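Trainee: Could we go through this structure together, with you telling me what lies behind each term?
Mentor: Gladly; ask away.

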Amino acid sequence: MTRSLFLASLLSTALLAATPAAAQLAPEAPPPTAPAAELEEEGLSVTVSAEGNWQDIGIAIPAFATNRDQPTPANAQGTAALGQEIAQVIYNDLRFNGLFQPVGPDNLPRPAYDQITSPAWGSWGARSAEMLVHGYVRPGANGNLTVGCYLYDVRLQEELVRQGWEFAPTEWRRAAHKCADLVYSRLSGESPFFDSKIAYIAETGPKDRRVKRLAIMDSDGANHRFITNGQATALTPRYSPDYSQIVYLSYVDGNPSIYIYDIGTGKQQLVTRSENPTLAPRWSPDGRYILYSMAVAGNTDIYRVPVGGGRSVRLTDSPGIDIGGSYSPDGSQIVFESDRSGSQQIYVMGADGSGQRRLSFFGGRAATPEWSPRGDQIAFTHVAGNLRVAVMNPNGRGMRHLTDGWQDEAPTWAPNGRIVQFFRTQPNSGETSLWQVDLTGSNLRRLPTPVGASDPAWGPVLP
Amino acid sequence: MKRLAVTVTAVSLLALGACSKKAPEQLPPPPAAPVQTAAPVAAAPQAPGMAPGSQGHFRQAMSGRDVIYFDTDQYNVDAEDAAALRQQAQYLLQYPNARARLEGHADERGTREYNLALGERRANAAKNYLIGLGIPATRLTTISYGKERPDALGSNESSWARNRRAVTVVVE
C-alpha cells in the first residue's frame with residue numbers, strides 16, 4: 001500500500017516533469033553505410049507487481065555500440081565487448097530498485113552504431129519495451145573513452161534524455177553508472193545515486209578473534225579494495241564528501257582512536273591528539289569539520305574539530321554517553337544519541353551544541369541516527385529486543401521500521417535519500433553482511449562482498 | 001612474601017563468602033583448593049615462568065576474580081564485583097611494580113559505537129574502585145573493546161552475561 005502510493009507519486013512526478021532533453025554531447029552523424037542490426041523476436045516481459053496498481057517500467061538495455069572496435073585498457077577484447085559490459089552494468093543497477101523491469105544485453109539484439117541515434121522503433125515496440133536505453137563507446141585519440149547514453153520512449157518514439165561522458169579506460173564503469181543514474185532520475189524524478197562509493201569494514205575469522213579491515217567498493221560492489229591489512233581492528237569508516245579521505249576508528253596504537261586516511265597518499269593522521277579514546281567520527285556536510293566522541297574518565301561527549309587540525313570544541317556535557325552525531329544536510333543541526341535519560345535515545349541540537357532536546361519517544365532504545373541527505377528523514381537503529389533499522393521525521397514523529405531482522409544496525413543513506421544500507425548480524429556465528437532496503441521497506445537485498453561486512457558508509461554522487 | 005600470600009588467601013576466602021546472585025551460569029566454579037591448604041605456599045601457586053607480578057601469576061592468583069560482570073547496560077560495581085576488585089587491589093599492593101589494564105566489554109545486543117563507550121565506562125568503574133582501594137591511578141589504564149571481543153560465543157542470555165565484563169590484565 002505505502003509502496004504503491006510512493007512509487008505512483010514518483011512516476012507521475014517524473015512524467016509531468018518531462019522536458020526536452022538537453023544534449024550535453026551530441027554524437028557525430030554515424031556513417032549511413034552501417035548495416036541495420038537483425039532484431040530477433042524475443043519477449044520482453046513486463047510484470048505487474050503484487051500490490052496491484054504499480055507496473056514496473058519495462059526497459060530494454062541492449063549492448064552499447066562502437067564506431068571502431070579496438071582493444072583498450074578497459075577491455076582487451078575491444079570496445080564492442082566493452083559496450084556489452086557497460087549495458088550489463090546498467091542493467092544490474094536498474095534491476096534491483098523495484099521501479100523497473102529491465103532486460104539486459106544478454107537477451108537482446110545488438111544495435112548498430114547508426115541505430116543509437118535512430119532506434120529501430122518497430123522492433124523494440126514489438127518486444128513490449130516501454131523504454132529503450134541506447135549508447136555507444138568511442139575510443140579517443142588521447143586514450144580516453146567517450147560514452148554516450150540515450151533514453152528513448154518507445155511508445156512515443158521519442159528521445160527523453162541523452163548525455164555523454166569522457167573517462168579514462170580504468171573508470172569505464174563510472175560511465176555505466178552515470179547512464180543508469182540518467183535513466184533512473186529521468187524516469188523516477190529522484191536524484192541519482194549509482195555513481196557513488198561505499199566504505200565499510202570487511203570481517204573475517206572467528207567471532208572472538210574477528211579481523212576487521214577497512215575496505216572500499218563502488219555502489220554495486222565492483223572495484224573492491226582492502227585499505228588496511230587487518231593487523232589492527234578498524235571500525236566505523238566514513239568517506240569525506242569529496243572521497244579523498246576516510247575517517248575511521250583504529251586500534252593501531254593499541255587504544256581506539258580516530259584517524260583520517262588519505263586515499264591518494266595512503267597516509268593517515270590522528271584527528272586529535274589525546275590520551276583518551278576517540279570514536280564515532282562523522283564529517284560535516286562541507287567536509288571542513290569532523291564530529292567525534294571522546295571518553296574522558298568513562299564519560300563520553302561529542303566534540304567538533306577542524307579537519308586540518310586545531311582546537312576541539314565540546315558540544316555536549318551530559319554525564320551520560322553522548323555519541324554518534326550526524327549533521328542535517330544544511331549543517332545547521334546535529335542529531336545524536338545519548339543515554340542521559342537512562343537509556344539510549346535520539347536527540348537533536350544546533351551545530352554549536354545549543355538547544356539539545358530529545359526526539360525519540362516510541363519505546364525501546366534508539367541509536368546510530370543518520371540524517372538523510374534530503375533532510376526529510378532520520379534513519380536509526382531501534383533496539384527493542386532485536387535491533388531493527390527504522391526511520392522517523394526530523395521532529396521525532398512518524399517512526400517506521402524498514403527491517404525485521406534479528407540484528408540490523410547502523411543505517412547509512414544512499415546519496416539521494418531513498419535507500420538505506422545497514423549491516424545484519426547472524427545469531428551465534430556473528431557473521432555480518434551488508435544489506436539495503438528502500439524507504440518503503442521494500443526491495444530488501446544483500447550486497448555482494450567478498451567476505452563478511454559491517455559498518456557501511458555510503459558516499460555522495462561523484463561529480 | 002609468605003605473609004602476603006596468606007593475606008591473598010584470606011581475601012579470596014572472604015570473596016567466596018560474599019559470592020552472590022550474579023555469577024553467570026557458565027562460569028567455572030571457583031576452585032576450592034585454597035580453602036583446604038592452609039599452608040601459605042599454596043596461595044599463589046607458581047608454575048615455571050610465572051614470575052610474581054606477571055599476568056600469568058596474577059590470573060592464577062585471582063582464580064577467576066580478574067573479571068567482574070555487569071547487568072545489561074549497567075556499569076555499577078556490586079558487592080560481588082567489589083570483592084573481586086579488593087582481591088585484585090590486594091595483589092597490586094603486594095606487587096607495587098605491576099601495572100594493570102582494565103579492559104571493558106559489552107554484549108553483542110547493542111550498537112557498536114555505544115558499546116565502545118559503554119565498555120569504556122565499565123573499565124573506568126573498575127579502575128575508580130581500585131583507585132579507591134589505594135592503587136595509584138598512574139598504574140592503571142583502561143581500554144574498551146565494546147562488543148568486538150566476546151568471551152562467550154553464544155547468542156543467549158548466559159553468554160551475554162559473561163560478555164558484559166571488565167577484565168583486569170597485569171602489564172609488565
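Trainee: Which residue stands opposite Phe336(A) in S20(A)?
Mentor: In this predicted model, that residue is Tyr347(A).

Trainee: How do you know that S19(A) and S20(A) are paired?
Mentor: Two strands pair if DSSP finds at least two bridges between them. Strand S19 (residues 333-338) and strand S20 (residues 345-350) of chain A are joined by 6 bridges, so they qualify as a pair, and they run antiparallel.

Trainee: What is the order of the open sheet with S19(A) and S20(A) in it?
Mentor: The order is S18-S19-S20-S21 in chain A, 4 strands with antiparallel pairing.

Trainee: What makes S18(A) and S21(A) edge strands?
Mentor: Strand S18 (322-327) and strand S21 (357-358) of chain A each have a single partner strand, so one side of each lacks a neighbour in the sheet.

Trainee: And what holds paired strands together in general?
Mentor: Strands of a sheet pair through backbone hydrogen bonds, in a parallel or an antiparallel sense.

Trainee: Which strands form the open sheet that includes S22(A)?
Mentor: That one also belongs to chain A, with 4 strands in the order S22-S23-S24-S25 and antiparallel pairing. Its edge strands are S22 (365-371) and S25 (400-401), each of which pairs on one side only.

Trainee: How do you know that S22(A) pairs with S23(A)?
Mentor: By the bridge count again: 5 bridges join S22(A) to strand S23 (residues 378-384) of chain A, and the requirement is at least two, so the two strands pair. They run antiparallel, and one of the bridge partners is Thr381(A) in S23(A), matched with Ala367(A).

Trainee: Why is S14(A) called mostly covered?
Mentor: A residue is buried if 20 or more other C-beta atoms lie within 10 Å of its own. In strand S14 (residues 278-283) of chain A, 6 of its 6 residues are buried, so the description fits. For chain A as a whole, 49% of the 463 residues count as buried.

Trainee: What makes S14(A) and S15(A) a pair?
Mentor: S14(A) and strand S15 (residues 289-296) of chain A share 4 bridges in the antiparallel sense, and at least two are needed, so they pair. Within this pair, Arg282(A) has Leu291(A) in S15(A) as its bridge partner. The two strands form a hairpin with 5 residues between them, and Gly287(A) in the turn has a positive phi of about 75°.

Trainee: How many residues of each domain of chain A take part in the contact between them?
Mentor: The assignment gives domain 1 (2-188) and domain 2 (197-458). Their contact takes 9 residues from domain 1 and 9 residues from domain 2. On the side of domain 1, helix H1 (2-16) and helix H2 (79-95) each supply at least two residues, and H1(A) gives the most, with 3 residues.

Trainee: What makes a residue part of the contact between chains A and B, and how many are there in each?
Mentor: Two residues are in contact if their C-beta atoms lie within 7 Å. The contact takes 31 residues from chain A and 23 residues from chain B. On the side of chain B, helix H5 (112-132) and strand S3 (140-146) each supply at least two residues, with the largest share, 10 residues, coming from H5(B). By class, this side of chain B has 8 nonpolar, 6 polar and 9 charged residues.

Technical notes. Residues are numbered from 1 along each chain as its sequence is written. Chains are lettered from A and ligands numbered from 1 in the order in which they are written. This is a predicted model: local features need pLDDT of at least 70, side-chain atom pairs count only at pLDDT 80 or more; totals for chains, interfaces and linings use all residues. A residue is buried if 20 or more other C-beta atoms lie within 10 Å of its own, exposed if 12 or fewer, and partly exposed in between; C-beta atoms are placed from the backbone. Ala, Val, Leu, Ile, Met, Phe, Trp, Tyr, Cys and Pro count as nonpolar, Asp, Glu, Lys and Arg as charged, and the others, Gly among them, as polar. Domain bounds come from an automatic or database domain assignment.
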